[in-house]
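Trainee: Could you take me through one part of this model slowly, and then show me what else is worth looking at?

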Amino acid sequence: MQNKIIVIMVCAIIISSNIQPIFAEIFFPSTNFRLYNIPTYCVVIPNDAISEQQKNQWASLGESAVLAWEEKLKNAEEINDNLWDINVKIVTEDESENCGINIIFKDKPSLTGTIAGFFTWPPGSVTIYYLQLELCGLFTCYDDETFVSDDVIYAVALHEIGHSFGLDHYVSDDVDTNSKWQTSSSTPPSIMIPTIHNNPSLQEITNVDTSKVREIYGSEGFYAFSSIPIPEPTPEIPEPTPEIPEPTPEIPEPTPEIIQPIIPEKPFSSIRVSEKIIAVQDHQQQIIKISGSVSDDNLLRGHPVIVTIHKPDQSIQVLKTGTASSGYFETLLIFDKNALRGNYHISASYIERVDKSMDVSFEIVDKITTPSILADEQDSELPSIPNQNEPNQIETESDEIIPNWIKNNARWWSEGNIDDETFVDGIEFLVSKNIIDVPKHNSAQSIMVIPDWIKNNARWWSEGNIDDETFVDGIEFLVKIGIVKIG
């Protein structure tokens, strides 16, 4: 990413009960993740075919990022800086099994989409991508020959470690404010802004960040959610004085204020998108609805839901929408032919709380047009001829055309990143739009669980180990047993 991220404006019109800001408002929620002990971070040296010097440099940057957080938190502590101890070590992949949180380096995401890094649990893991992001027309992609700068690696490491403490993104509901944080010549107000600064060397941990971590864990620091006894403060050794000072009256020290930690909550009972895959084409607009419900235990009148949309080019859009008396909320997005292709990730917060397990996503793809077939003449079927200039389609031996991007969803499902229902919804959408073709069947049996071999097929197909026809055979089986419904 060198010193600049390429950002374009996605052509999306928002229609909803969104509250348009008169003055920019800032949101800095906490997630439902907590550290339950003094953390140990292991920076894993990658095994990729790159120079040892480069791999060791990235590992050193990861270690420095952990130590920077420890130093900042300890400096902000007035009573007992042992509360903010952090362990860190550099290890090989073979030595990374017994670590609390691993920091790993990969070339690029395996799925469609462009992210600089991410934190996931369980198990705790920070992933940092080291290939240069580029813009390929309306698609985002990576340059396989160019590494991002060390400043980017370090900034991403600081940011993702912040997520591992329970920090979510620092965002504004004003587009210009978010853009200013990314482009100004000064340090952004938080390391947790969701975009990399044009000059990543300016990104650093700020007082806003340390204050939020201290707010999350309270007066007991990283021991707040642990059963381990809190260590005593390290005694200060006074410097010897040559003269005996005159006695002074003892003034009792003020009792420090006890700050209670923020208990993780799940503010939403549901968040959903109306479509998982949106195929855009010329002269047509596609609508997607983002909706959900605030849980009854968390619903407070007058508080909006903050919806953050993370776009494929790493830019964001923040929407503020009200709730009905029942807690229901919704907003609509309209996409046209100029929309950036790729994965859009959606996260929502309510009263400074985020439940990351409720995050949802959808994908914008090109409309795939399948050739017409003359069904009224049995012997005059026209063969399917794929457009040789269309990058998102491939031809099977049976002349079926399947978009290449479906492999991303198949792999995502096989790795457990989306559930069965989401996978089936995607397949039903593709069948209904004639993007893939399977014959109709009268379901003679009712099986509500997808067999493991279907998931294996999805993984093998996404990796190119089985052909398209074999994958479609598996989809036809799901139609037979009534899991995928047609027409």
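**A close look**

Mentor: Start with Thr-195, which touches Gln-182, Gln-203, Gln-314 and Ser-315, leaving aside residues up to four places away in sequence (a contact is heavy atoms within 4.5 Å). The model is predicted, so local features need pLDDT of at least 70 and side-chain atom pairs pLDDT 80 or more, while totals for chains, interfaces and linings use all residues. Residues are numbered from 1 along each chain as its sequence is written, and side-chain values use heavy atoms, without hydrogens or water.

Thr-195 sits in the loop between helix 3 (175-183) and helix 4 (207-217) (helices, H or I of at least four residues, and strands, E of at least two, are DSSP runs numbered from the N terminus). Because its relative accessibility is 10%, Thr-195 counts as buried (under 20%, with a 1.4 Å probe and protein chains only; exposed is over 50%, partly exposed in between).

Now turn to the sheet. Five strands form an open sheet in the order 4-3-5-7-6, with mixed pairing (two strands pair if DSSP finds at least two bridges between them). Strand 4 (87-91) and strand 6 (117-120) are at the edges; each has a single partner strand, so one side of each lacks a neighbour in the sheet. On average, neighbouring strands of this sheet are turned by 20 degrees against each other, direction ignored (axes are lines fitted to C-alpha atoms, for helices over the stretch in contact, and angles run from 0 to 180 degrees between N-to-C directions).

At one edge, strand 4 runs parallel to strand 3 (residues 40-44), and 5 bridges join the two. Within this pair, Val-43 stands opposite Ile-90 in strand 4. Helix 1 (residues 52-76) packs on the sheet and touches strand 3, strand 4 and strand 5 (101-106). The direction of helix 1 makes about 175 degrees with that of strand 4.

What about the other edge strand, strand 6? Helix 2 (residues 150-165) runs at about 20 degrees to strand 6. Helix 2 lies across strand 3, strand 5, strand 6 and strand 7 (124-129). Strand 3 and strand 5 therefore appear in the contacts of helix 1 and are also among the strands that helix 2 lies across.

To follow this on the model, begin with strand 4 and read the order 4-3-5-7-6. The reading ends at strand 6, which, like strand 4, stands at an edge.
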